[in-house]
Amino acid sequence: MALMHYQTYLRWGALSALFVALFVPFIVAVGGFWPNLFFPYITGKNFAFRILVEFALLCYVLLAMREPKYRPRASNIMWAVVAFAVWMAVATFFSVDPIKSFWSNFERMEGYVGLLHLFAWFVVAGAMLSADKLWNAFLNTSIFAASVQGGWALMQVMGYATISTQSGARADTTFGNATYLAVYLLINFFLTLYMLARTKDSRNKPTLQTLYSIALVLQLFGIFFTETRGAILGLGVGIIVAALYLLFFERGKESRILRHIALCSLTAVVVFSGLIYAVRDTAFVKEMPALRRLASISLTETTVTSRLRYIWPMAVQGALERPVAGWGQENFSFVFNKYYQPGMYNQESWFDRAHNQFLDWLVAGGVPAFLLYLSLYVLMTMAIFRARELSAGERASLLGLLAGFAFNNVFVFDNLVSAVYFFALLAYLHSLSSRQTPSLALSKPLSDQALAVAAPVLVVAVLLGGWALNAPGLARASALVSAIQTQEAGRNSSGVVVAVSKDPKKNLAEFTAALGPVRWPGSPLGLQETTEQFLQYASGLGGSSTIDPQVKLDIFTAARGAIDSLLLSRPGDARLELFAATFLSQFGQTAPAIEHLQKALEYSPKKQQIQIQMGLTLIQAGNAQDGVKYLKDAYEAAVGNSSALTFYAAGLYYAGQTSAADALLVERFGTTVVDDVQLMQAYTNLKLYDRLILVWKLRVKESPDDVQKHLGLASVYFAACRLPDVYTELAAIAKIQPAAAAEMQNLRKQIETGAIKCGR
């Protein structure tokens, strides 16, 4: 009886973890039930998934030792997945940055450690759900979760739920990224079609068909309101592939209704696509964001151009440079920096993915990884065609899923949730391919005595491994959230809880703790984000005169030590060198800043952002003539870059080449009166008050009732000692805002009596 009990507990432990993992997409680590973590939409989901997989793996291995039916069986898919995981271990070992390749970072939470968990997920799901015939229940649970997400997306669009700041008006539910939500719903849309096709012989056919139809509608609306073009097009491609399969490969009488449905679906996709193209310029399409984004697809559209012209060719160049073992996971940034093209000035500053999952694996693991990844699609397709137990509708749905997912992944990269489903699909099709094959292990059960010896060892190994892989990263992600906060709860004179400024000493202590081991045994996970955030915090204090000089020095020293330490372990990273240089320049340390910038340019010679920072740092160091040369190079590399132009013009002013700067502005803008933050800073530093006054007059003209604009103009007049004009602006402020009249009058008296003096 006791024996049966522990086997039951192990079985339910493994299965519970598998099913609970389907609700990981709902996790947002912002406090409350979940800890408050840095990158809450990413870290919370990943840590939860890893812990669930580790628990499932422990239960599964112990159970499989005693019950041979749970042991993994052989299939071509199994061997391909094993080969892929093994090869990526080799690629990680030979990676240009093995530490990052293994651990990844908080923003992505992937790396080889993530791949290992996905492999374990594949093994456990493939064995447990197949042995207990629970795939239907598993897929139904997933469909239920996805339907809730689809309904949530609908509520966001209707204004009943909030959307994250990074997605704008696009539905993103608990993913924090509309694209991630879209591919999740895309996968589940076809899984729902698959389960709908399985209802033909069910006793509850009408009820199930109704429920699946509702799920399809919710998922479809969700995909549409994410406004994700790759997923929407992937949906269309998947439907077309499924329809074509039914039309050309299923000719039996029992498939007649399905062929009619396929023909109607195919017609609907074609008509919808043609209609969108035909009315792309109408007000209706332009006022509907999702339709507007679909209609805007063209080879000249910015994101398409960035992929076709820049990012994908960069990935190919990088792969040709390291074709065997690749660069390692998480190291596309090295390729991006090395082969960066100035024409990308209007794109993201730092790409860490090729935005094509196939090319990402080509870069990460070389040609072998690319071929192995392709083979997974080929083997899954073959498994679908060979599975005799699948009906025509079931085959069509799975083929549509593969086609839609693959098409989507040509334009984006996998995230945790999409990767989890990809490996789950591999596990399911592996189970269909391996039902008649023997298990990979001996079929004899392990004795109770042997299990009693093995169990404690396994428990300790998994618990220690899980702790080492998760606890330090979790602690650092939590500590970092606190460290970056500049306010904390306090009480006012009345005893009411309010937000008060945090003592910088406390921030320093928290950053120092976050940079340390945090939890035994420590790990590098999150060190880069922690260091970058520390440098940004410290840089913000660089020009402050309200902080104790000793505290500021302590913060500077600690931050510099952190970036120096990180650069020793992460050499060759242009982004980190730029971070270090920008931080040092904020504290007037121009000489070491220039050294870091020289390294950054060595690693990424065409990056305008680095060239501009070098120019500004040289100007700061008093070498305006050499600084202008870098600013000129940055501008001439892509003359369409207006930001580079204004930096160049500002550099010319610093170098005393006023005529050249004026001519540059007139050529681009038709005037020298350009409202730009860099030009305004240069005018202020050089005391070119006439230029400042003209810009502030322009601002006042555009917003004549804006008190702050009048106050800004008055401050420039005061700096230029044009007191009559100052009084005019103070009077204008008093007229616009009568409540401020007394304050303006008092300010005028202080000026007239000399209590405050102009020109200082």
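Q: How many residues of each class are in the lining of the largest cavity?
A: In this predicted model, that lining has 15 nonpolar, 9 polar and 7 charged residues.

Q: What makes Glu-110, Gly-111 and Trp-361, which are among the residues closest to the centre of the largest cavity, charged, polar or nonpolar?
A: Glu counts as charged, Gly as polar and Trp as nonpolar, so Glu-110 is charged, Gly-111 is polar and Trp-361 is nonpolar. Gln-329 and Gln-357 are also among the closest to the centre, and both are polar because Gln falls among the others in the classification.

Q: Why is the space of about 410 Å³ called a cavity?
A: The term requires points where a 1.4 Å probe fits but cannot get out. The space of about 410 Å³ is listed as the largest cavity, so a probe placed there cannot get out. The structure holds 5 cavities of 30 Å³ or more.

Q: Which helix gives the most to the lining of the largest cavity?
A: α15 does, with 6 residues. α2 (40-66), α5 (111-131), α15 (357-386) and α17 (416-433) each supply at least two.

Q: What makes Leu-191 a lining residue of the second largest cavity?
A: A lining residue has an atom within 4 Å of a cavity point. Leu-191 is one of the 17 residues that line this cavity, so Leu-191 has such an atom. The cavity holds about 160 Å³ of space, and α17 gives the largest share of its lining, 6 residues.

Q: How is the lining of the second largest cavity divided by class?
A: Its residues are 16 nonpolar, 1 polar and no charged.

Key
Residues numbered from 1 in each chain as written. Predicted model: local features only at pLDDT ≥ 70, side-chain atom pairs only at ≥ 80, totals over all residues. Heavy atoms only, no water. 1 Å grid on protein atoms, 1.4 Å probe; cavity = no way out; pocket = protein on both sides within 12 Å on 5 of 7 lines; lining within 4 Å. Points joined across faces, edges and corners; volume = space filled by probe spheres on them. Helix = DSSP H or I, 4+ residues; strand = E, 2+ residues; numbered from the N terminus.
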